[in-house]
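The following exercises concern helix packing, chain symmetry and sheet layout. Please work through each task before reading its solution.

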Number of protein chains: 2
Amino acid sequence: MASQEQTTDPDIYAESGVIRPDFLDQVSAAVSAGDTDQLAELTEPLHESEMGDLIAALEPSERQELVALLGDRFDYSALTHIDDAIRLEIITVLPNEQIALALQELDSDDAVYILEDMDEGEQADILGRIPFTERIRLRRSLDYPEDSAGRRMQADFVAVPPYWNVGQTIDYLRDNADLPERFSQIFVIDPTFRLVGAVDLDRILREQREVRIEDIMRETRHAVPAEMDQEEAAQIFERYDLLSAAVIDENERLVGVLTIDDVVDVIQEEAEEDILALGGVGDEELSDSVIETTRSRFTWLMINLGTAVLASFVIGLFDATIQEMVALAVLMPIVASMGGNAGTQTMTVTVRALATRELDIYNAGRIIRRETLVGLLNGVLFAVVIGIVATLWFWTPGLGVVIAIAMVVNMVCAALAGIFVPLILDRMKVDPAVASSVFVTTVTDVVGFFAFLGLAAVWFGI
Amino acid sequence: MASQEQTTDPDIYAESGVIRPDFLDQVSAAVSAGDTDQLAELTEPLHESEMGDLIAALEPSERQELVALLGDRFDYSALTHIDDAIRLEIITVLPNEQIALALQELDSDDAVYILEDMDEGEQADILGRIPFTERIRLRRSLDYPEDSAGRRMQADFVAVPPYWNVGQTIDYLRDNADLPERFSQIFVIDPTFRLVGAVDLDRILREQREVRIEDIMRETRHAVPAEMDQEEAAQIFERYDLLSAAVIDENERLVGVLTIDDVVDVIQEEAEEDILALGGVGDEELSDSVIETTRSRFTWLMINLGTAVLASFVIGLFDATIQEMVALAVLMPIVASMGGNAGTQTMTVTVRALATRELDIYNAGRIIRRETLVGLLNGVLFAVVIGIVATLWFWTPGLGVVIAIAMVVNMVCAALAGIFVPLILDRMKVDPAVASSVFVTTVTDVVGFFAFLGLAAVWFGI
């Protein structure tokens, strides 16, 4: 998906970042009038990502109509810039022959991106209509596991033997018409296609023609195995500030190149997944239907109902105490809620630090001590505040003391749960972003209600 | 911070991603023995980011000792790969003269990165020790607002006039020793330094020597104004899959180049900020002290205390009802908790969709309808479940009906709050990630308690 800065003259976006309504209206009008020429004139200057935004902003029926009207003037790489659901909606109504033709025009990574979500029968049919060499290349990418580097790589690259010199290399680039659309480094390979090294283009341009490639190449220590998970590959890119990396197969033969623009998408998706998981939302998209969304949210809410009922059981243990002193029922959610929030704070920091690998065995001890102390300190501060509030409100001697002690206890437990739950889940190879918050709130609810009501029962002897 | 794949042979990381303990021990031993040669031998093969990880894993006193021992063999770019707090801890004990010498070795963006966190006096003193040309360049970057493109840009670049040809350009690159460490495009400028266009290096290499630069350059439509916020610049990079972009001043003169590796950091920071904000955590770092952390978390907890007390007031309105029927106190947290979770789900999706600009005026109506229906559907489903549970548990006719109705009401309100709160905050130019969750939980708590207790009061006539 790498491309550079050439795009449209007129800015199709309004200041708020959405497609300008008047531009959208023009496109809609052209679509409903079936005016292909007008439509082409409006859309041809657009960058593929602008075209993607435009398609997403149209009504579903207009989207299909637009693609049908533009025919082979439609740039299919725009489809890599829209939601899976919208892409499939467009793809499924197109004849396979047309898709096959279109895919041949795309970079191999974009073609794979579009192919990988289709059902197998359709995918096989489309691949069957693509010429042999290109088909083999796409098949090979698709054979790598989902979300692997092999799926994301671009299969076109420039490779030269180590004994060539700079002059030969430049002449080869000048005379060869079949180069990738864009490239930023030249790979060096031996006769069996095994990767020997790489040279950045700026290095080639600095050197005299007679300098040999093997003397200016660098060894590629960070070649990415094609089976490697894209997330792990992204971490290598981040750690070493790479712009591109060679992708090699199990025999260390060069099979493609992974570029940073694909990795940026991966980094974004990973952060996105963490945010949604922490909010109790699974893998959903904005274009999902009501039923899909309800189903995907249901599981999380069901688990939460279980923990809420558990907390209610704890309250139920003290129903006699509450009946004696109804102020306890009024105040009890405060202790639980403060614990829940403090626990969520610690948990969020821990989950994030684990994801970015900032939290490790070298600083875990310090972080656990810090979080416990922070819980204790904030616990004491809020114990004082709520103790005064409760005393003034209900004017019951002892109630302020009880809620204050319960607050300290729950805030410290919240801190401990907030740090240990994600750490333990991570050790057990469970994604802490997904599962932490239910355990943390269970702890803070149960401890909060039990500490407050239990202490009250003891203190007031009821 | 752009560099490429050349790094160390031995893998210094254990499988879990942390620095190998035995390697760390070797480094520690060399530091405490004051064995500079051994230390240099261990650390010289390291990539700057590996060196950063190593420094972070050491004890504070060892960090300073390591930098002191290595002296001018220490690569200061490693400091751009560690937490602000650790960096400042190291920098403050170093003599300014030494820092000034070190900064001259760095790329200008790395130097600015280290300078910008210092207090003004120290910054001025260090700048005063740097030679004029380089000082002016750093000053100019530092004069741009914090978090602007001007702060993040690299001030070294290659620029040629449009009337040169490919041959002249290559000869210039071959003969000029003072080129940036790395570059991926050549800018085209007029005699007043105004930006005219750019040529990617692969384009230069494909063309014959006599081809004129102006015939192969592309207009740079996505030049970034130096004052632009880095987040906005990152969005341009993402939208157009840029690898680098020209940075221009208010007179459209070329002043630097922004590269994707810096933008990746920005994208990560922004996602990070959203995750932490949604978890009720402000701008904190893992290296912050107990006091700093307690203070930064306190505000959020104080606000939450306010909303918890508000919810308690609502409960207090029904103290007579609760005294009559203590089962209400046992069950009431369930309704509030389910609403809170459902509201958080909707809010998380909304906040994220706003941040990625997926949610806009074209689909807001559909999303609002969808979320309301999802809330209604899940509300009905959980109303049935909890209605049965409550009836079986307390065997009180009517209690199941009351909690079921309250559940539907609260789940629908949760959905509405989850979508409208972030939308309204966004419209009011308040960051929805920071402020949404307090409003949403206030709504779900207040509505949850009020609906359940109020309905019970009416139904049972108490």
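**Exercise 1.** Determine the handedness of the crossing of H16(B) and H21(B), and then their relative direction.

*Solution.* The crossing of H16(B) and H21(B) is right-handed; a crossing is right-handed if the near helix is turned clockwise from the far one by less than a right angle, and left-handed if anticlockwise. Helix H16 of chain B covers residues 290–316 and helix H21 of chain B residues 432–460, and they pack at an angle of about 15 degrees with axes 9 Å apart. Angles under 35 degrees count as roughly parallel, and H16(B) and H21(B) are therefore roughly parallel to each other. Contact means heavy atoms within 4.5 Å; among the residues that meet are B:Trp300 and B:Leu310 in H16(B), and B:Phe449 and B:Phe450 in H21(B).

**Exercise 2.** Identify the operation that superposes chain B on chain A.

*Solution.* A rotation of 180 degrees, with 0.0 Å of shift along its axis, superposes chain B on chain A with an RMSD of 0.1 Å. That is the relation of a two-fold axis. The copies meet through the same surface, because 100% of the interface residues of chain B are also interface residues in chain A.

**Exercise 3.** Which strands are the edge strands of the sheet in chain B?

*Solution.* The open sheet of three strands in chain B has the order S1-S2-S3, with mixed pairing. Its edge strands are S1 (159–160) and S3 (195–200), each pairing on one side only. Strand S2 (residues 185–189) of chain B runs antiparallel to S3(B), joined by five bridges. B:Gln185 stands opposite B:Asp200 in S3(B).

**Basis.** This is a predicted model, in which local features need pLDDT of at least 70 and side-chain atom pairs count only at pLDDT 80 or more, whereas totals for chains, interfaces and linings use all residues. Residues are numbered from 1 along each chain as its sequence is written, chains are lettered from A in the order in which they are written, and side-chain values use heavy atoms, without hydrogens and water.

Methods
Axes are lines fitted to C-alpha atoms, for helices over the stretch in contact, and angles run from 0 to 180 degrees between N-to-C directions. Helices (H or I, at least four residues) and strands (E, at least two) are DSSP runs, numbered from the N terminus. Angles under 35 degrees count as roughly parallel, over 145 as roughly antiparallel, 65 to 115 as roughly perpendicular and the rest as oblique. Copies are superposed by least squares on the C-alpha atoms of residues with pLDDT of at least 70 in both. Two strands pair if DSSP finds at least two bridges between them.
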